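Subject: Handing over the structure

Hi there,

Here is the structure I promised to pass on to you. Please open it alongside this email, and my notes on what turned up will follow below.

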Amino acid sequence: MTSNQYQGTGSTISGTGSRYWWKRRAYLGVLPFFIFTGVFLLYPTWNVVSGAFINEKGLFDTAKIHEVVSSPIVRHAFANSMKVSIQTAILGAILGGLFAWALVSGKPGGIFYRLSVAMSSVLAQFGGVMLTFAFLATFGFNGVVSSIFVKLAPNSFLAQSAWLYTINGLTVVYTFFQIPLMVLVFLPTLENMRPQWREASDSLGGSAREYWIRVGIPVLTPSFFGAMLLLFVNSFSAYATAATLINMSDFLTPLQIGNALSSEVGGANAQEAKSLSLIMVVVVIIVMALYAQIRRRVSRWESSR
């Protein structure tokens, strides 16, 4: 075999190796995402799950889990968290869904449409201290609305500011950022509704009520409940807004976690905080598993359009 033949064989082997690694270079693009997910999601989750069963001496211990689960204070805070999350998810889904439907019914791509989507993107992230200050300045003691109603209707509901610091007031505050989030999540589903479906229903003699009962509602229901689950998780894990509005560490589970991590009276307990966080992680995993099942069904419908 000549030297040229050897060179050709070598180049073939080199080409095969190059093709092997070339096909896998595409995975390098998602490497930063996997690193980010591992550092800021997987590792903290593992730290919480494992830390809930490790006591201060570094030994495996389930006593703190049993203590947390059997505590009436923890159960009361967990019930409040579930109540607020469910209420805000339902209210935010209904109001946000109606607003998204109004946007789709209008001029697509118009100035009102673009402005509404832009505002929803901003207001969905409007929470914490800023949102609390906005409500306090409006409905709190000496707030703008409260001051007006104290003079005009002193016995009315808006003249009293105590409701803002209760679970109902927290529900109203949370709903404020749930509505624009629902608009952003539910709007693409409404835009995927074909106008030909309504035209076909009308041509067959169907009324608007029959169209929504037989076509619109069955198609939109999976996406609607999937978006509601996202709203539930968003409210269930919120902390800053409640921490600045209600100064009660046993009111919600996130507030209990914050108090267990940074107690001002020497009661900080990392294992207790991780045990409470483990309960929240379990709830979020269950909800997101349901969301994944719903999204799988919606994806099949969207791909078959």
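Let me start with a tryptophan. Trp-212 has a relative accessibility of 28%, so it counts as partly exposed. Tyr-211, with 5% relative accessibility, falls under the 20% limit and therefore counts as buried. Please keep in mind throughout that this is a predicted model.

These two residues also meet through their rings. The ring centres of Tyr-211 and Trp-212 lie 5.4 Å apart and the planes stand at 70 degrees, which is over the 60 degrees needed, so the pair is edge-to-face. A second pair has another geometry: Phe-232 and Phe-236 are stacked, with 5.6 Å from centre to centre and 10 degrees between the planes. Both phenylalanines sit in helix H10, and because they are four residues apart there, about one helical turn separates them. Phe-232 and Phe-236 are both buried.

In total, the structure contains 15 aromatic pairs. Ring pairs also build a cluster, which joins Phe-126, Phe-135, Phe-139, Phe-157, Trp-163 and Phe-176.

Now for the overall picture. The protein is made of 13 helices and has zero strands, so to speak of its elements from the N terminus on is to read α at every step. It has 305 residues, and 34% of them count as buried.

Which residues touch the most other members of the largest nonpolar core? They are Met-182, Phe-186 and Phe-232, in a core of 36 residues. Phe-232 is thus a residue you will meet twice, here in the core and again in the stacked pair with Phe-236. Helices H4, H8 (167-191), H10, H12 (253-261) and H13 (270-303) each contribute at least two residues to this core. H10 gives the most, with eleven residues. As general background, nonpolar side chains tend to be buried together in soluble globular proteins.

H10 is also worth following through its helix neighbours. Helix H4 (residues 72-105) and helix H10 (residues 208-236) have axes that come within 8 Å and cross at roughly 140 degrees. That angle makes H4 oblique to H10, and the crossing is right-handed. By class, 15 nonpolar and five polar residues make up the contact of H4 with H10, and no charged ones.

How do H8 and H10 lie, and at what angle do their axes cross? The axes of H8 and H10 come within 10 Å and cross at roughly 150 degrees. Angles over 145 degrees count as roughly antiparallel, so H8 is roughly antiparallel to H10. The crossing of H8 and H10 is right-handed.

One last residue to look up is Ser-105, which belongs to helix H4. Its relative accessibility is 49%, so Ser-105 counts as partly exposed. Along the chain, Ser-105 and Glu-191 are 86 residues apart, while 9.5 Å separates their C-alpha atoms.

If you would like a place to begin, try H10: it gives the most residues to the largest core, and the stacked phenylalanines Phe-232 and Phe-236 are found in it.

Happy viewing, and all the best!

Key. Residues numbered from 1 in each chain as written. Predicted model: local features only at pLDDT ≥ 70, side-chain atom pairs only at ≥ 80, totals over all residues. Heavy atoms only, no water. Axes fitted to C-alpha atoms, helices over the stretch in contact; angles between N-to-C directions. Parallel < 35°, antiparallel > 145°, perpendicular 65-115°, else oblique. Left-handed = near helix turned anticlockwise from the far one by under 90°. Nonpolar A, V, L, I, M, F, W, Y, C, P; charged D, E, K, R; others polar. Phe/Tyr/Trp six-rings, centres within 6.5 Å; stacked < 30°, edge-to-face > 60°. Buried < 20%, exposed > 50% of the residue type's maximum accessible area, 1.4 Å probe, protein only. Core = buried A, V, L, I, M, F, W, Y, C linked by side-chain atoms within 4.5 Å.
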